[in-house]
Amino acid sequence: MDVIGLIGIRDTALSVDEVLRAVDDRGAGGTALFVGTVRDHDHEQPVTRLSYSAHPSAERELRAVAEKVATDFPVRGLAAVHRVGDLEIGDLAVVVAVSCAHRGEAFEACRRLIDDVKAQVPIWKHQLFADGTTEWVGAC
């Protein structure tokens with residue numbers, strides 16, 4: 001779909017500016033952006049770092065999620081990138097954006113996009129806690 005400006009699973013740092021450029025459209029009156037970052041805690045435990053792993057089909061599934069959102073909403077531009085590999089606290093893990101003619105549509109489409117990415121794209125998070133324990137979390 002030509003409204004999808006950027007889709008990617010990357011082992012390098014993500015760029016908010018790149019994602020915003022990918023959804024730029026003169027007919028868009030609203031752009032909604034979601035940035036997911038690595039936080040320093042989970043389940044009331046300190047997190048020291050984490051790693052994301054992706055199934056080989058992850059980018060194809062990410063595109064399918066994006067295409068569904070672009071079909072269900074009047075999207076002018078859409079982008080989604082997810083990081084894999086070892087990440088530190090504060091690193092960007094996922095960046096998605098949607099532009100639409102109106103802000104309400106952009107907010108709704110962006111919310112659906114990130115929720116569906118987390119629910120449907122086969123990416124797993126391996127968290128390392130300060131006490132030495134670890135945890136795997138399915139689908140982002």
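Here a visitor and a guide talk through two helices and some salt bridges in a predicted model.

Visitor: Why are helix 2 and helix 3 called roughly antiparallel?

Guide: Look at the angle. Helix 2 (residues 58–72) and helix 3 (residues 103–120) pack at about 150 degrees. Angles over 145 count as roughly antiparallel, so helix 2 is roughly antiparallel to helix 3. Their axes lie 10 Å apart, and the crossing is right-handed.

Visitor: Which residues make that contact?

Guide: From helix 2 you have E61, L62, V65, A66, V69 and D72. Helix 3 brings A109, R112, L113, D116, V117 and Q120. Sorted by kind, the residues of this contact are 7 nonpolar, 1 polar and 4 charged.

Visitor: How do you know that R112 and D72 form a salt bridge?

Guide: Check the distance. The closest N and O atoms of R112 and D72 are 2.9 Å apart, and the cut-off is within 4 Å, so the pair counts as a salt bridge. As a general point, side chains of opposite charge can pair when their charged atoms come close.

Visitor: What makes this pair a tie between parts apart in sequence?

Guide: R112 sits in helix 3 and D72 in helix 2, so the salt bridge ties together parts that are 40 residues apart in sequence.

Visitor: Are R112 and D72 buried or exposed?

Guide: Something in between! Buried means under 20% and exposed means over 50%. R112 has 29%, so R112 is partly exposed. D72 has 34%, so D72 is partly exposed too.

Visitor: What makes R10 and E18 a salt bridge?

Guide: Same kind of check: their closest N and O atoms are 2.7 Å apart, and within 4 Å is what the rule asks. R10, at 21% relative accessibility, counts as partly exposed. E18 is also partly exposed, at 25%.

Visitor: And why is D42 called buried?

Guide: The relative accessible area of D42 is 13%. Buried means under 20%, so D42 is buried. The side chain of D42 meets that of R39 in a salt bridge, at 2.9 Å from N to O. R39, with 41%, falls between the two cut-offs, so R39 is partly exposed.

Visitor: How many salt bridges are there by this rule?

Guide: The count comes to 8. Besides pairs, there's a network of salt bridges that links R49, D86 and E88.

Methods:
Residues numbered from 1 in each chain as written. Predicted model: local features only at pLDDT ≥ 70, side-chain atom pairs only at ≥ 80, totals over all residues. Heavy atoms only, no water. Axes fitted to C-alpha atoms, helices over the stretch in contact; angles between N-to-C directions. Helix = DSSP H or I, 4+ residues; strand = E, 2+ residues; numbered from the N terminus. Parallel < 35°, antiparallel > 145°, perpendicular 65-115°, else oblique. Left-handed = near helix turned anticlockwise from the far one by under 90°. Contact = heavy atoms within 4.5 Å. Nonpolar A, V, L, I, M, F, W, Y, C, P; charged D, E, K, R; others polar. Buried < 20%, exposed > 50% of the residue type's maximum accessible area, 1.4 Å probe, protein only.
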